[in-house]
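Here's a walk through the model below, going from the overall fold down to a few single residues. Have the structure open while you read.

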Amino acid sequence: MERHVQIFLNRLSFASITVATLTLLLLYLQTPETCFDPSDPNPKPHTRFPKSTCDFTHRSYTSIDKRNRRIWSTKTWTNAVSSYTSLLKTLQARNYLSNSSRVLVVSAGPGHAVQALQELGVEDVTGVELVDSPPLVSRADPHNLPFFDGIFDLGLGLYLDRALFPGRYVGQIERTVRSGGVCVVTVEESGTDEVEEIVKLFKKSRFVDARNVILAGERRTGIVMRVENNS
Ligand SMILES: *[C@@H]1O[C@H](CO)[C@@H](O)[C@H](O)[C@H]1NC(C)=O
């Protein structure tokens, strides 16, 4: 009787070990249900956020490309881009801008002006904003631009009126533009007195002119300054 019990217990423990091992193996191999099927031909974009670490599918530039193509084909976008094209063409006509100019766009937003410049044929365009919008705009603080002195031919400050420290904002654009280069800042539509105040923010540049423009549907004033002494 003792022997029988012993054999029974041995078998029982063997069976338990087998069941436990198989269970472990099964857990290990099983794909959690929160995983997405990468081959799903109709993925819902809003479900694409990873819900678990098992989602290894690469959220690469293809999705950004798709999103950009959608945004760039909207009327709002193309209208905004062409409003910047008009402003840029006036700069081109006065030889402040050419295809070989190195151009910096500060407060580039989602990149309207950057795209306008690229479409005109300007090859060396750098767009920065507090939030990046690849591939047009990278992230940088306008109050502390990560560029060497005097490396740009043209510096555009698209939203001086939204800068926390206007003096510093202007100073940074002025610093990165070479002597003889041009800075253009735009502000909410302004009168002569306000323009004079803005001109005073520039320490190394001479006033060229100011004009009212419509940019991305807003009435604004663009102020053109030529950098005189940036050594
Ligand atoms: C600038 O580049 C654009 C696009 O490549 C071209 O159509 C245009 O003729 C160029 N302008 C000049 C002045 O070379």
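The protein's secondary structure comes to six helices and seven strands, where helices (H or I, at least four residues) and strands (E, at least two) are DSSP runs, numbered from the N terminus. Everything here is a predicted model, so local features need pLDDT of at least 70 and side-chain atom pairs count only at pLDDT 80 or more, while totals for chains, interfaces and linings use all residues. Residues are numbered from 1 along each chain as its sequence is written, and side-chain values use heavy atoms, with hydrogens and water left out.

**The overall picture**

Read from the N terminus, the elements go α-α-α-β-α-β-β-β-α-β-α-β-β. Of the 231 residues, 37% are buried; buried means under 20% relative accessible area, exposed over 50%, and partly exposed in between (1.4 Å probe, protein chains only). The protein exposes about 14700 Å², with carbon and sulfur atoms supplying 57% of it; accessible areas come from the Shrake-Rupley method with a 1.4 Å probe, and for residues only the protein chains shown count as cover. Take the contacts (heavy atoms within 4.5 Å) between residues at least 6 apart in sequence: 60% of them join residues at least 24 apart.

**Helix H1**

H1 covers residues 2-29, and its end C-alpha atoms sit 41 Å apart. The expected span is 1.5 Å times one less than the number of residues, which gives 40 Å for these 28 residues, so the two values agree. How many of its 28 residues are buried? The count is zero, so to speak a helix that is hardly covered.

**Two cores**

A nonpolar core is a set of buried Ala, Val, Leu, Ile, Met, Phe, Trp, Tyr and Cys residues joined through side-chain atoms within 4.5 Å. The largest one has 29 residues, and Leu91, Leu97, Val105, Leu117 and Leu156 touch the most other members. Two or more residues each come from helix H3 (75-93), strand E1 (102-106), helix H4 (112-120), strand E4 (152-157), strand E5 (177-188) and strand E6 (205-215). H3 gives the largest share, six residues. A separate core of 23 residues lies apart from it, with Val128, Leu145, Phe152 and Cys183 among them.

Back in the largest core, leucine 91 is in contact with Tyr96, Leu97, Leu154, Leu156, Val184 and Val224, leaving aside neighbours within four places in sequence. Tyrosine 96 sits in the loop between H3 and E1 and is buried, at 13% relative accessible area. Its C-alpha is 7.2 Å from that of leucine 154, although the two are 58 residues apart in sequence. With neighbours within four places left out again, tyrosine 96 is in contact with Leu91, Ser101, Leu154, Val182, Val208, Val224 and Arg226.

**Helix H5 and its last residue**

The buried residues of H5 are Tyr169, Val170, Gln172, Ile173, Glu174, Arg175 and Thr176. Their cover includes E1, E4, E5, helix H6 (192-201) and E6. Threonine 176 belongs to this helix (residues 166-176), and its relative accessible area is 0%, so it counts as buried. Not counting residues up to four places away in sequence, threonine 176 touches Leu104, Leu145, Phe147, Phe148, Asp149, Gly150, Ile151 and Phe152.

**Backbone oddities**

Most residues other than glycine have a negative phi, and most peptide bonds are trans. Two residues with positive phi are worth a look:

| Residue | Phi | Loop | Relative accessibility |
|---|---|---|---|
| Serine 107 | near 60 degrees | between E1 and H4 | 9%, buried |
| Alanine 216 | about 50 degrees | between E6 and strand E7 (218-227) | 33%, partly exposed |

Which form does the peptide bond from proline 134 to proline 135 take, cis or trans? This bond is cis, with omega near 5 degrees. Proline 135 is in the loop between strand E2 (124-129) and strand E3 (137-139).

**The ligand**

Asn99, Leu120 and Gly121 are the residues around the ligand, each having a heavy atom within 4 Å of it. A polar side-chain atom of asparagine 99 lies 2.3 Å from an oxygen atom of the ligand. On its own the ligand exposes 360 Å², and the protein buries 23% of that.

Technical notes. Polar contact = N/O pair within 3.5 Å; in protein donor to acceptor, adjacent residues only side chain to side chain.
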